[in-house]
Every structure is written in C-alpha cells, then in structure tokens.
Amino acid sequence: MKTNILNDQLFADFQSSITAIDEAQMLPPVCYTDGEFHEFEKEAIFNHEWLCVGRESWARVPGEFFTTSHCGEPIVVVRNRDGVLKALSTVCQHRAMLVAEGHGRTKTFLCPYHHWVYSLDGQLIGAPAMERACGFDKKQVRLAEFKLEIWLGFVFINFDRDAPPLAPRLEALRMAVENYKAELADGPRPDGSTTYPWNWKVMFRSLHSKHHNKRRVKIQLAPANLHWCSDNALTALSDASSKYDVPMHMHLNETAYQKEYAWRRGNCTALEYIDRFGMVNERLTLGHGVWLNEKDIDRLAAARSCVCHNCSSNFRLRSGVAALNHFEKMGINTAIGIDEAGINDDRDMLQEMKLVLRAHRVPGMIEADVPTMAQVLRMATVGGARTTPYGSSIGTIEIGKAADMVLLDWNSIAYPYLDELTPTLDAVLQRAKNQAVTMTMCDGEVIYHDGKFTKVDKTEALKALHDDLSRALADDEVERRKLSVAILPHVRKFYSGYIDPSKHEPFYRPSSMI
Ligand code: FES
C-alpha cells in the first residue's frame with residue numbers, strides 16, 4: 001500500500017509515545033484523525049488479524065445467526081445445518097444488498113432486493129428470473145466466507161485466508177485465565193435494531209423503475225396499517241406516493257381497537273392522523289374502513305379517496321360492518337376485497353359479491369338505501385380497477401382496454417328455470433357459482449378454459465402445496481406455535497380494558513339496539 005503519511009516526521013512524532021510509561025504521551029494526533037492512516041491501519045492490522053465478533057452462544061442451534069461489521073464489511077455469523085459456525089459476508093452477490101441484518105433464526109438468507117436465496121453455508125440456491133441468463137451458473141455464486149475460530153467461547157474472524165490459527169498464539173493467555181472458565185460464560189447479545197426503514201424504499205424504487213412501464217405488472221405502496229408505521233415511515237410513504245404518482249392501499253380502521261389506538265397515539269381519528277402526512281388524496285385506498293366516522297367519510301369523499309370493502313373478512317374477524325351504504329351516498333369509489341379471509345377459505349369473488357349485496361340490506365322500502373346489482377358489479381370491476389395502478393386500462397370492456405373477462409355458462413345459471421323478465425345481471429349475481437365459469441381471460445390471454453388452467457398444472461401445484469405444508473414443523477415453527485399459545489392470554493388481558501364500548505359505538509347501525 002502506498003501512503004504519504006508514513007514519513008520521517010510521523011516516526012519522529014512517535015518518540016514521545018515510547019518513553020517510560022509515566023512520561024509517555026498519546027500517539028500523534030494524525031493517528032486518530034487521518035483517513036490515510038486509518039487505511040494503513042486497516043491494511044496492516046485489521047485485514048490480517050483475528051477480530052472478535054461475538055460469543056459462540058449467540059448462535060447455538062442450526063439457522064441461528066447474528067450480524068456485525070468490521071472495517072465496513074458487514075458480516076453474518078451463522079450456525080449451518082451441520083451445526084458448524086460460519087462467518088459470511090452479508091453482501092448479496094447480485095447488486096450488493098444486505099441479505100441479513102440484526103439477528104434471528106432462519107433456514108436460508110433471502111435477499112430483499114431481487115430475492116436471491118443463499119443457504120446457511122453461503123451457497124446461492126435460488127435466483128428468480130435468472131434461468132434465461134446466458135452462462136449463469138448458481139453453483140459458481142456464493143457469499144464470501146471468512147476464516148472463523150472459536151477461542152474460549154469467543155468467535156473470532158479473519159479476512160485473511162492465509163492467517164495462521166489464533167489459539168497457539170493465545171496459549172499463554174489461556175493458561176492465565178483458565179480459572180475464569182470463560183468458555184462457559186454467557187452474556188447478552190447486543191440487541192441492535194432489526195428494522196431498517198430504508199429497505200422498503202430501496203426495494204420500492206428498484207421495483208418501480210423495473211415495472212412501471214409494463215402492461216401486466218405494476219407496483220404500488222401498501223403500508224399495512226397505522227399501528228405498524230412510524231411517523232417517519234408515514235412521511236416517506238406519502239412522499240413516495242406523490243413523487244412516483246403511485247396508488248397506496250392501506251388497511252385502516254378495521255377494528256374498534258385500531259380506532260382507539262389512533263386516539264391514544266394522536267388524539268384524533270386514524271384518518272385524521274394519516275391526513276397530517278398528506279396521505280388522504282385520490283391515490284389512497286383504505287382497506288376496511290369499518291370504524292370511520294361521518295366526518296372521516298366526508299373527508300374521504302372530498303379527497304376522492306377509495307375504500308376497499310372486505311365484507312366476509314369483517315364478519316369472520318368480528319371487525320364490524322362497514323358503512324357501505326353511507327360511502328355510496330357520499331359518492332366514494334368502493335371496491336370488493338377478500339383480505340385472505342374469505343368464507344370458504346377460498347377466493348370466490350362471485351360469492352363475495354353476493355355477500356356484499358346481502359349484508360347491507362337495512363330495513364325499509366327505499367331501494368336507493370341498499371346496494372343494487374349494478375353497484376356490486378361496479379365495485380367488483382371498474383371500482384376495483386380504480387384502486388389499483390391499472391385504473392385506466394381495466395374494469396370496463398372498451399376498445400383500447402385490456403381484455404379482462406370471465407365467461408359464465410348461462411345454462412348453469414338459468415336452468416331449470418328463470419323467469420324471462422329477470423334481468424341478466426340479477427340472475428348472474430344471485431345465482432352464479434364459480435362452477436359456472438367456463439373461461440377466464442387476462443389482457444386477451446386465456447388463462448382458464450373448460451375446467452383447466454392454461455398456465456399452471458393445478459394438480460401438480462396442489463400436490464406441491466400439500467407436500468410442502470404436510471411436512472413436520474421445524475423446531476423454530478414449533479417454538480413460535482408454543483409462544484403464540486402462551487402469549488394469547490396476555491394479549492387478551494392487555495386489550496380487556498383497552499376500549500370503552502360506549503365511546504366506540506359505530507354510527508352505522510343496521511338495526512335497533514332495543
Ligand atoms: S441485490 Fe440481492 S438479489 Fe439483487
């Protein structure tokens with residue numbers, strides 16, 4: 001290494017540091033401040049010396065890992081499937097994203113950027129979309145590995161593959177400290193934060209730049225809910241949505257607990273809270289919105305935001321009944337969602353449409369007060385499209401739009417008898433079951449026809465699912481299951497007095513309380 005700093009003057013300045021201990025002075029100031037001297041130190045010492053990075057006990061079982069860094073090199077120490085401790089670089093070999101942060105237990109390292117997957121030994125075992133790359137061989141790619149040695153329970157690593165072993169050098173010290181039984185000592189792992197708020201932004205920008213011009217793939221933002229977003233995250237989300245002009249789908253006010261949470265956090269409703277960050281606008285869709293109040297709904301209508309109505313999920317999870325009729329009255333665009341919690345554990349949109357049609361039939365004689373067939377169809381088509389980045393290209397059958405359509409077998413709807421005066425749409429919504437679907441087309445491409453999917457082998461896919469999910473649970477999964485059972489009573493206790501029901505009555509009540 002070439003350096004200008006190792007000059008005669010520096011060596012002369014060292015003189016005052018190497019005199020008798022009661023007179024000696026600190027090293028010359030440049031040793032603490034000069035970047036060039038730091039580079040020299042790194043090359044002369046840190047790149048070739050054994051560096052202590054933690055305790056062996058911080059990764060006791062296969063898959064357990066912790067991360068650290070030395071000289072700017074991010075490192076993960078992990079116990080592999082054979083129980084051997086490994087020290088690997090966490091820098092992904094694709095585009096240098098970090099594949100591990102904080103600590104935890106895992107079966108593989110999944111790069112959050114483009115989802116390359118590495119084994120616990122650092123070997124690349126999955127690289128989506130690289131199958132067609134010429135000359136690319138997964139077996140030739142792996143995370144860099146560093147030398148590792150354990151001494152009295154301490155984990156040392158060395159960036160220099162040719163470094164001689166550490167233990168012989170420390171033999172005298174080992175004898176001196178033998179009585180302390182350091183190898184049995186245990187200590188807490190420094191708990192660094194395992195959440196890195198910048199990751200999602202990097203990923204979003206990367207995915208957006210890759211896909212935003214594509215016809216069938218689009219990227220939008222979907223923060224999970226207010227209680228999972230810090231104020232910084234809300235600010236960043238709002239900025240990203242506006243800068244890239246992408247829609248944002250956010251679950252909000254799904255339960256009365258979430259309503260109360262917002263009051264405790266910001267002394268306002270959840271909608272008012274996110275409005276402080278400029279999130280309530282025409283790009284926003286709220287998932288659920290069960291516990292919005294009338295003022296919130298006015299605000300949504302004025303901002304031209306949308307609501308995705310997850311009717312069966314709201315019933316199933318005891319979340320309440322969304323004020324769909326009021327949304328409609330205020331002219332809010334609504335969509336139909338299933339929220340992974342459909343009635344039959346499937347994704348039957350025809351059934352969901354029937355439920356939306358039925359669930360909001362408040363007593364009375366005025367037809368305009370309850371959902372109409374046309375409204376439900378609109379929610380499931382153009383209304384839904386408007387909540388996504390495909391708003392202008394799907395949802396209606398028009399020249400220039402993507403041909404997204406479903407064909408239904410009329411006989412299975414009309415047989416054995418249908419009064420000829422029954423409107424077609426009424427018959428479809430009231431009677432069609434998913435067995436009536438004969439063809440599904442996506443952007444002009446048939447993806448399902450006469451009981452067969454054209455793109456996937458359903459039998460194979462279901463078998464793979466069955467085989468994968470039928471395997472015995474891994475140790476960590478058993479642990480998590482036990483933990484969830486153990487923690488539940490405490491969660492119930494925490495929430496037992498969380499809300500005052502009298503303060504959280506929904507304004508939208510389809511029937512009398514007495
Ligand atoms: S950077 Fe890791 S997969 Fe692309």
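**Entry 1: the parallel strands**

I began with G287 in strand β12 and found that its bridge partner in β13 is C308. I read on along the chain: it crosses from β12 through helix α9 (residues 294–303) to β13, and this β-α-β crossover is right-handed. Right-handed here means that, with the strands pointing away from the viewer, the path from the first strand over the helix to the second runs clockwise. Helices (H or I, at least four residues) and strands (E, at least two) are DSSP runs, numbered from the N terminus.

I noted the ground rules before going on. The model is predicted, so local features need pLDDT of at least 70 and side-chain atom pairs count only at pLDDT 80 or more, while totals for chains, interfaces and linings use all residues. Residues are numbered from 1 along each chain as its sequence is written, and side-chain values use heavy atoms, with hydrogens and water left out.

I then looked up how β12 pairs. With strand β13 (residues 306–309) it pairs in the parallel sense over three bridges. With strand β11 (residues 248–252) the pairing of β12 is also parallel, over five bridges. Two strands count as paired if DSSP finds at least two bridges between them. One bridge joins L252 to H288 in β12.

How many residues of strand β12 are buried? Five of the five residues of β12 (residues 284–288) are buried, so the strand is largely enclosed by the rest of the structure. Buried means under 20% relative accessible area, exposed means over 50%, and partly exposed lies in between (1.4 Å probe, protein chains only).

**Entry 2: an antiparallel sheet**

I looked up an open sheet of three strands, and its order is β6-β7-β8 with antiparallel pairing. The edge strands are β6 (109–110) and β8 (124–126), each of which pairs on one side only. I checked β6 against strand β7 (residues 117–118) and found antiparallel pairing over two bridges. In β7, Y118 is the bridge partner of F109. My textbook note for both sheets: strands of a sheet pair through backbone hydrogen bonds, either parallel or antiparallel.

**Entry 3: salt bridges**

I searched the whole structure and got 26 salt bridges. The cut-off is a side-chain nitrogen of Lys or Arg within 4 Å of a carboxyl oxygen of Asp or Glu.

I picked E477 and K107, whose side chains meet in a salt bridge at 3.8 Å, N to O. E477 lies in helix α17 and K107 in the loop between β5 (103–105) and β6, so this pair ties together parts that are 370 residues apart in sequence. K107 counts as partly exposed, because its relative accessibility is 35%.

Next I took E445 and R216, where the closest N and O atoms of the salt bridge are 2.7 Å apart. E445 lies in strand β17 (residues 445–449) and R216 in the loop between α5 (199–211) and α6 (231–244), so the pair ties together parts that are 229 residues apart in sequence. E445 is partly exposed at 23% relative accessibility, and R216 is partly exposed at 42%. Both belong to a network of salt bridges that links R215, R216, D443, E445 and K455.

I also looked within one helix. E260 and R264 form a salt bridge at 2.9 Å, N to O. Both lie in helix α7 (residues 256–266), four residues apart, about one turn of the helix. E260 counts as buried, because its relative accessibility is 8%.

**Entry 4: a nonpolar patch**

Which residues make the nonpolar surface patch of about 650 Å²? I listed Y257, L483, I487, L488, V491, F494 and Y495. A patch joins nonpolar side chains (Val, Leu, Ile, Met, Phe, Trp, Tyr) within 5 Å and like charges within 9 Å, using residues with over 30% relative accessible area and no salt bridge. Accessible areas come from the Shrake-Rupley method with a 1.4 Å probe, and for residues only the protein chains shown count as cover. Helix α17 (residues 475–496) gives the largest share of the patch, six residues. V491 lies in this helix and is partly exposed at 35% relative accessibility.

**Entry 5: P371 and helix α15**

I looked up P371 last, in the loop between α12 (349–359) and α13 (373–386). Is P371 buried or exposed? P371 is buried, with a relative accessible area of 3%. Leaving out residues up to four places away in sequence, P371 touches L324, N325, V356, L357, H360, R361 and V376; contact means heavy atoms within 4.5 Å.

In helix α15 (residues 424–431) I found the buried residues A427, V428 and L429. These pack against α12, α13, β15 (405–408) and α14 (410–414).
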